[in-house]
Amino acid sequence: MPAVSQGAGVACLPFGIATCFTLAVTTPATSGAPAPGTALARSQAARRRRVLDAALRLAERGGFDAVQMRDVATEANVALGTVYRYFTSKERLLLEAMVEEIEALASRLESRPPLGATSAERVVEVLSRGTASLQRHPEVTGAMVRAFGAGDEADVVRRVGDAMTGIITGVMHDGPPTPRDLAVARTLQQVWLSSLIGWVGGVDDPPRVVADLETATQLLLGDGAIGARAEGQR
């Protein structure tokens with residue numbers, strides 16, 4: 001499976017969120033950016049990390065509305081201008097955290113690949129793992145989903161989609177993805193997002209999310225048979 005992480009090292013949040021986010025420094029490159037690996041670059045990466053972790057702590061406490069840029073600055077113990085230096089909006093901040101969560105999933109899959117015998121089984125296992133990780137922290141997930149649907153920060157939204165596409169197509173088969181593979185991955189991502197919105201909004205329970213993903217995957221990649229989890233949700 002192609003690696004999508006661009007970071008160095010892993011940062012585990014110290015405030016009760018069990019997920020370890022892969023440290024991926026994705027600050028847009030500028031002519032004034034310090035050279036990678038220098039003390040200045042490491043210092044800036046550390047400040048950016050503090051800002052991200054602060055936003056996630058606030059989201060864990062109160063969801064999307066609790067993530068206010070001034071509060072993020074206070075929580076991270078940095079100036080408000082520092083927050084805006086790395087993230088132009090709270091939506092971008094939360095989406096960058098979403099990218100890291102997906103990159104962390106990719107890293108875990110490299111160390112523990114899915115075991116399904118068919119492409120459909122492997123894709124279902126991957127999406128189920130990702131869903132389980134997100135559902136452990138509903139307030140944070142809800143904040144990320146709202147940021148994703150806000151319609152801003154299109155470049156980060158594309159990075160989220162590209163990372164998920166790499167994960168899904170990477171477990172289908174060896175070799176580069178076909179146009180059909182890419183279309184299937186995009187469709188499954190739409191189903192996943194819609195199901196997460198239903199769960200975050202209280203419409204569906206967690207098993208419904210996995211059941212919807214299993215149904216969609218089997219219809220697109222399998223024999224069309226609906227799995228036991230999907231049957232149980234009827």
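Helices here are DSSP runs of type H or I with at least four residues, numbered from the N terminus. That is how the label H1 is meant when Arg49 and Asp53 are both placed in helix H1.

**View 1. The whole chain, as a predicted model.** What you're looking at is a predicted model, not an experimental one. The protein has 10 helices and two strands, and reading from the N terminus the order is β-β-α-α-α-α-α-α-α-α-α-α. There are 234 residues, and 48% of them count as buried. Take the contacts between residues at least 6 apart in sequence: 65% of those join residues at least 24 apart. The accessible surface comes to about 11,100 Å², with carbon and sulfur atoms holding 55% of that.

**View 2. The largest nonpolar core, around Val72.** This core counts 54 residues, and Val72 and Leu93 are the ones with the most contacts inside it. Which helix gives the most to this core? That's helix H4, residues 90-111, which puts in 10 residues. Setting aside neighbours within four places in sequence, Val72 touches Val51, Ala54, Ala55, Leu58, Val67, Val83 and Leu93. As background, nonpolar side chains in soluble globular proteins tend to be buried together.

**View 3. A buried salt bridge between Glu100 and Arg48.** The two side chains meet at 3.9 Å, N to O. Glu100 belongs to helix H4 and Arg48 to helix H1 (residues 39-62), so this pair ties together parts that lie 52 residues apart in sequence. Are the partners buried or exposed? Glu100 has a relative accessible area of 2%, so it counts as buried, and Arg48 is buried as well, at 3%. In general, side chains of opposite charge can pair when their charged atoms come close.

**View 4. Arg49 and Asp53, one turn along H1.** Here the closest N and O atoms of the salt bridge are 2.9 Å apart. Both residues lie in helix H1, four residues apart, which is about one turn of the helix. Both of them are buried, too.

**View 5. The salt-bridge network.** A search of the whole structure turns up 12 salt bridges. Which residues are linked in a network of them? The members are Arg48, Arg49, Asp53, Arg92, Glu96, Glu100, Asp155 and Arg159. So if you've just come from the two previous views, Arg48, Glu100, Arg49 and Asp53 are among them, because salt bridges link these residues into the network.

**View 6. Asp65 reaching Arg146.** The side chains of Asp65 and Arg146 form a salt bridge at 3.6 Å, N to O. Asp65 sits in the loop between H1 and helix H2 (69-76), while Arg146 is in helix H6 (residues 138-148), so the pair links distant parts of the chain, 81 residues apart. Arg146 has a relative accessibility of 45%, so it counts as partly exposed.

**View 7. Lys90 over the ring of Phe64.** The charged end of Lys90 sits over the Phe64 ring, 3.8 Å from its centre. Don't go hunting for ring pairs in the other views: searching the whole structure finds zero aromatic pairs.

**View 8. Asn77 and its positive phi.** Where does Asn77 sit? Its place is in the loop between H2 and helix H3 (80-86). Phi of Asn77 is near 60 degrees, a positive value in a residue other than glycine. The relative accessible area of Asn77 is 64%, so it counts as exposed.

How values were computed. Residues numbered from 1 in each chain as written. Predicted model: local features only at pLDDT ≥ 70, side-chain atom pairs only at ≥ 80, totals over all residues. Heavy atoms only, no water. Buried < 20%, exposed > 50% of the residue type's maximum accessible area, 1.4 Å probe, protein only. Contact = heavy atoms within 4.5 Å. Areas by Shrake-Rupley, 256 points an atom, 1.4 Å probe, with all protein chains shown as cover. Core = buried A, V, L, I, M, F, W, Y, C linked by side-chain atoms within 4.5 Å. Salt bridge = Lys/Arg side-chain N within 4 Å of Asp/Glu carboxyl O. Phe/Tyr/Trp six-rings, centres within 6.5 Å; stacked < 30°, edge-to-face > 60°. Lys NZ or Arg CZ within 6 Å of the ring centre and 35° of its normal.
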